[in-house]
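Hi everyone, thanks for making time this morning. I'd like to walk you through one model, so please have the sequence and the 3D view open.

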Amino acid sequence: MPLSALFVLASLLVHHAAPAPRFALVEVSGGANVRRTPHGALLGKLPGETPLGTTTWLWAVGTSPDGRSAHVLLPWAPNGRTGWIRLAGRRIVHTPVWVRVDRSAHRLWLMRGPRRLAGWSVTVGAPVSPTPTGRFSVTDPISTGDPTGPFGSFAFGLTGHQPHLPPGWTGGDQLAIHGTNEPWLLGRAASAGCVRVSARALAVLERWLRPGTPVVVQP
C-alpha cells in the first residue's frame, strides 16, 4: 500500500465503525529467495535471522493473484526496496498495530488502525542527518541492559538505513527507535537519524511492538 494511500485509508476509517486495517507479517525463518516479480528474476536471498539473531519477519504489502507469493518490504539499502517471496510453509500474523512518526512535528504515535493509542515527543535526525521517510518495519526488539546509556533500556532495530550519516559516525547505518540519556533533546532534530524516545514511551512500546511491526515515517 503506498504511503499516501495508508493515510487516506486511516482518515476515512477514523469516523466510521469499520474494522481496523490489519497488516500481514510473514515469518522468514530458514531464509527466502527474493524475486523481482512472483515468478521473475532472482534479486537475492534473505537469511532466516537478522545479524542480531532475531528471526526474520517482513511486512507484506501485497500478495500475488494466486495467493502464493507475498510482496514484502526488504531490509536492504537503498530504502524502499521491495521484492516477492513464496508463502508456502510460512507463518503469517495479522496485526492492526503500527507506528507513525511525524518528523516535522517531532512526534511518534502508537497506532491501532486509524486510532492513536499513545503519542510522545521524540528526537529525530538533525538537519545534516535527517531521519529518512517512508515505510519500514521492526527487525529486532533488543534490551540494551543499560538504561542510563545512549540507547536507553531498549531499542527497536528497523529495516531502514541512514544514507546521510554525520561526519565521523561509526555506529553503522541501520535506523532504530530507541531510548536516550539526553531527554532534554526530545522534541528536537538532533540525532544521527534514529528516533529517540523517553523511558515512559519505551515501556509502552515494549508491550506492543514485535518483529515485523510496520513503522511509517512522514516528512
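**A helix, a sheet and two cores**

Let's start with helix H2, where the face turned away from the buried side carries Ala-199, Arg-200 and Arg-207, which are exposed. Before I go on, please keep in mind that this is a predicted model.

Now turn the helix over. Ala-201, Leu-202, Val-204 and Leu-205 are buried in H2. These four lie on the same side of H2, because they cover an arc of only 170° around the axis. As a reminder, an α-helix has 3.6 residues a turn, so residues three or four places apart point the same way.

What do the buried residues of H2 pack against? Their partners are strands E9, E10, E13 and E14.

That brings us to the sheet. It is open and has eight strands, in the order E10-E9-E8-E17-E12-E13-E14-E16, and the pairing is mixed. At the edges sit E10, residues 115–121, and E16, residues 195–196, each pairing on one side only. If you follow the order inwards, you come to E8 and E17, which run parallel and are joined by four bridges. In that region, Val-101 stands opposite Val-217 of E17.

So much for the framework; next, the nonpolar interior. The largest nonpolar core has 24 residues, and those touching the most other members are Leu-108, Phe-156, Ile-177, Val-197, Leu-205, Leu-209 and Val-215. Strands E8, E9, E12, E13, E14 and E17, together with helix H2, each supply at least two residues of this core. Which of these elements gives the most? That is H2, with four residues.

Click on Leu-108 for a closer view. Setting aside residues up to four places away in sequence, Leu-108 touches Val-99, Arg-100, Val-101, Ala-118, Gly-119, Trp-120, Val-122, Ile-177, Val-195, Val-197 and Leu-205. Apart from the largest core lies another one, of 14 residues, including Val-28, Ala-32, Ala-70 and Trp-76.

One last stop, at Thr-159 in strand E13. Is Thr-159 buried or exposed? Its relative accessible area is 4%, and the cut-off for buried is under 20%, so Thr-159 counts as buried. Leaving out neighbours within four places in sequence, Thr-159 is in contact with Leu-74, Pro-75, Asn-79, Phe-136, Ser-137 and Thr-139.

That's my tour. Thanks for listening, and I'm happy to go back to any of these views.

How values were computed. Residues are numbered from 1 along each chain as its sequence is written. This is a predicted model: local features need pLDDT of at least 70, side-chain atom pairs count only at pLDDT 80 or more; totals for chains, interfaces and linings use all residues. Side-chain values use heavy atoms; hydrogens and water are left out. A nonpolar core is a set of buried Ala, Val, Leu, Ile, Met, Phe, Trp, Tyr and Cys residues joined through side-chain atoms within 4.5 Å. Buried means under 20% relative accessible area, exposed over 50%, partly exposed in between (1.4 Å probe, protein chains only). Contact means heavy atoms within 4.5 Å. Two strands pair if DSSP finds at least two bridges between them. The arc is that of the directions from the helix axis to the C-beta atoms.
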